[in-house]
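Work through these short exercises with the coordinates open. Try each task before reading its solution.

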Amino acid sequence: MYGADGHGGFGEGPEPPFSIAGGGAEVLPRVDRAALCGMLRRLPPEELADALRSKLVPVVSLPGLTLYAACGPAALAEGQRLGLRIVGTADAHDLLAAARGVHGPALLAEATFRLARRMPDYSARRRLTQSQAAVLIGLAVLAAAAAVLLPFELFWLLASLMGGLFFLSIVALRLLCLMPPLQKPVPPPLPLSEEELPCYSVLVPLFRETSVLQQLVRGLGALRYPAEKLDIKLILEEEDILMQRALAAMELPSHFELIVVPAGRPQTKPRALNYALAFCRGTLLTIYDAEDVPEPDQLRKAASRFAMAPPELACLQAELTFFNPDENWFSRQFTAEYAVLFGILLPVLADHRLPLPLGGTSNHFRTDVLRQVGAWDPFNVTEDADLGLRLARHGYQTGTLDSHTLEEANTRPVNWLRQRARWLKGFLATWLVHMRDPARLLRELGPSGFWVAQAVTVGVFASALLHPLCLAATLWIVASQPPLTAPTGLAVLALAGLNLLVFVAGYALGLILTGAGLRRRGLSGWAGTLVTMPLYWLLMSAAAWLALWQFVVAPFHWNKTEHGLSHMQQKRPPRPRQARVSPR
């Protein structure tokens, strides 16, 4: 133990003024960083994990007696509440620095390889299994043989029909959204009192986000949640010196904490989240992106839902929308897409208790369940969709939360292309991971869940990749009208007509749902957006081909999305809305 004078022990003289029971003291001895390093070095793994989360570090452990150092005001208050014997205090940032100094490589390795080591079947670190590689090679040989042996028109029609099956999975999802709900709407839960609210960790991964830093801090500061029960982690990369300097110059509240992730590969958002997870003390946890502006009462709503729900409900996804919906054509298309995804599709999947592909932000977790299922996969660039499927495979449910988070809609084509390519590359990686054992996936998710897993991963990727090719082949064959007297003429026209029917149905259902999603968001007069949606869908094909290329040459590369490009920056947090009864 180190005293305030920096030397070992408390010095000579009368007994120091500290309270063994955690109360009645005016001054507790200060513990410096060197002493914290020594304490952390002696702790076994389980006690170390508890100390990093609670910031209550055991100083002396004897049978029936443990003395603690409390790192930060929140830890001191929690230790006193629990009746622990607090004999010293330290700064929370000194604990972070000590942990990094003593256990930095081990913490980073755990954040990077935890899932790959403990649950390798769920990790995208290995792109293909041997059996998957053999199947892909076999399909490639079969396709090459068909191209040589079959008539030209029949080959292209069969190829486009196979591509149309992926498009058909999207059509089926859209049809599901038009069905009446299975469950009756549940009333909003009763709000929890200040005393009943649990500790809530908020993770905010940041990388080169100085342009939206003020907006971020303003939005987080507006959260209506007791500060002593908030555990906000601003997560920085070691190489991002500008962000570190910008935040060091700001006077942040005491419940904000800066966590610097050591340099390493892959440098991805999920790796940063895993590293910060080791220091989280909340029983509930959520993620916000740099440009996010959540509704101030979102954490209270989530806490109330979790309190009344069964323990199988492990995650809640809030609705994402944009503060610059009408800035340009790209932002309008983005808004229309999110209006369907978060406003219609995800609530329908939750209503049917089907797997949800989570969004990358504003998903709220039970922290113990998150750790149990392996947290995020650092080798998957759509760690959110992957985690949603993994939760379902472990028997947990995901619901939707009636609360909005405002984001910045992409407004620039190149930025949009890079972001969309990352998403589509991640969908392909996620599908390959979860299809390593299709029979097991079918057993764990059931037939309906298995179908949804296909549709929201490879269905989205393949339909974007093949859509323009299939459509062009179908239109060309219909227009050329092969002679019906030819041996395959009638079959070719029939297949072409079937393909065309699938495309038309997909377009029609997409327009119907998008119109409904926009009306639900109170957006009207967007006829131009609806009419030009097929062009937006065609642009996704370029992103899909870029995603396929990157999956081959750079599977773990994270295409950075630039934020702060909008001319309509959010100046104030959104006002809380009247609670709306919605399906689970």
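**Exercise 1. A non-glycine residue with positive phi**

Task: Classify Arg353 as buried, partly exposed or exposed, and describe its backbone.

Solution. The model is predicted. Start with accessibility. Arg353 has a relative accessible area of 48%. The buried class ends at 20% and the exposed class begins over 50%. Arg353 is therefore partly exposed. Next, take the backbone. The phi of Arg353 is positive, about 55°, although this residue is not a glycine. Finally, place it: Arg353 sits in the loop between α11 and β10.

**Exercise 2. A second case**

Task: Decide whether Ala375 is buried or exposed, and locate it in the chain.

Solution. Begin with phi. Ala375 is not a glycine, yet its phi is positive at about 55°. Now the location. Ala375 belongs to the loop between α12 (367-372) and α13. Then the accessibility. Its relative accessible area is 1%. The cut-off for buried is under 20%. Ala375 is therefore buried.

**Exercise 3. A cis peptide bond**

Task: State the omega of the bond from Arg265 to Pro266 and what it makes of that bond.

Solution. Read omega first: it is near 0°. The peptide bond from Arg265 to Pro266 is cis. Then find the proline. Pro266 is in the loop between β6 (256-261) and α9 (269-277).

**Exercise 4. The hairpin and its sheet**

Task: Describe how β1 and β2 are joined, then build the sheet around them.

Solution. Step one is the pairing. Strand β1 (residues 56-62) and strand β2 (residues 65-71) run antiparallel, joined by six bridges. Leu56 faces Ala70 in β2. Step two is the turn. Two residues separate the strands of this hairpin. Gly64 lies in the turn and has a positive phi of about 80°.

Step three adds a strand. The open sheet has three strands, ordered β1-β2-β3, with mixed pairing. Both β1 and β3 (85-90) have a single partner strand, so each leaves one side without a neighbour in the sheet. From one strand to the next, the twist averages 25°. Step four adds a helix. Helix α1 (residues 33-42) packs on this sheet and touches β1, β2 and β3. The direction of α1 makes about 65° with that of β1.

**Exercise 5. A strand with two partners**

Task: Which strands pair with β9, and in which sense?

Solution. Take β11 first. β9 runs parallel to strand β11 (residues 397-407), with nine bridges between them. Phe322 stands opposite Glu407 in that pairing. Now take strand β10 (residues 363-366). Three bridges join β10 to β9, and the sense is antiparallel. Here Gln317 is opposite Asn363. Last, check the cover. Strand β9 (residues 313-322) has 10 of its 10 residues buried.

**Exercise 6. Two helices that cross**

Task: Classify the arrangement of α11 and α18, then inspect their contact.

Solution. Helix α11 (residues 329-351) and helix α18 (residues 533-553) have axes that come within 11 Å. The axes cross at roughly 90°. Angles of 65 to 115 degrees count as roughly perpendicular. So α11 and α18 are roughly perpendicular to each other. Now list the contact residues. From α11 come Trp329, Phe330, Gln333, Phe334 and Glu337. From α18 come Met533, Leu535, Tyr536, Leu539 and Met540. Sort them by class: eight are nonpolar, one is polar and one is charged.

**Exercise 7. Another helix pair**

Task: Classify the arrangement of α13 and α15, and give the class make-up of their contact.

Solution. The axes of helix α13 (residues 383-393) and helix α15 (residues 438-480) come within 10 Å. Their crossing angle is roughly 160°. Angles over 145 degrees count as roughly antiparallel. Hence α13 and α15 are roughly antiparallel to each other. The handedness of the crossing is right-handed. On the α13 side, the contact uses Leu389, Ala392 and Arg393. On the α15 side are Arg440, Leu441, Glu444, Leu445, Ala453 and Thr457. This contact has five nonpolar, one polar and three charged residues.

**Exercise 8. A covered helix**

Task: How many residues of α10 are buried?

Solution. Count along helix α10 (residues 298-308): eight of its 11 residues are buried. Among them are Leu299, Lys301, Arg305 and Phe306.

Methods
Residues are numbered from 1 along each chain as its sequence is written. This is a predicted model: local features need pLDDT of at least 70, side-chain atom pairs count only at pLDDT 80 or more; totals for chains, interfaces and linings use all residues. Side-chain values use heavy atoms; hydrogens and water are left out. Two strands pair if DSSP finds at least two bridges between them. Helices (H or I, at least four residues) and strands (E, at least two) are DSSP runs, numbered from the N terminus. Axes are lines fitted to C-alpha atoms, for helices over the stretch in contact, and angles run from 0 to 180 degrees between N-to-C directions. Angles under 35 degrees count as roughly parallel, over 145 as roughly antiparallel, 65 to 115 as roughly perpendicular and the rest as oblique. Contact means heavy atoms within 4.5 Å. Ala, Val, Leu, Ile, Met, Phe, Trp, Tyr, Cys and Pro count as nonpolar, Asp, Glu, Lys and Arg as charged, and the others, Gly among them, as polar. Buried means under 20% relative accessible area, exposed over 50%, partly exposed in between (1.4 Å probe, protein chains only). A crossing is left-handed if the near helix is turned anticlockwise from the far one by less than a right angle, and right-handed if clockwise.
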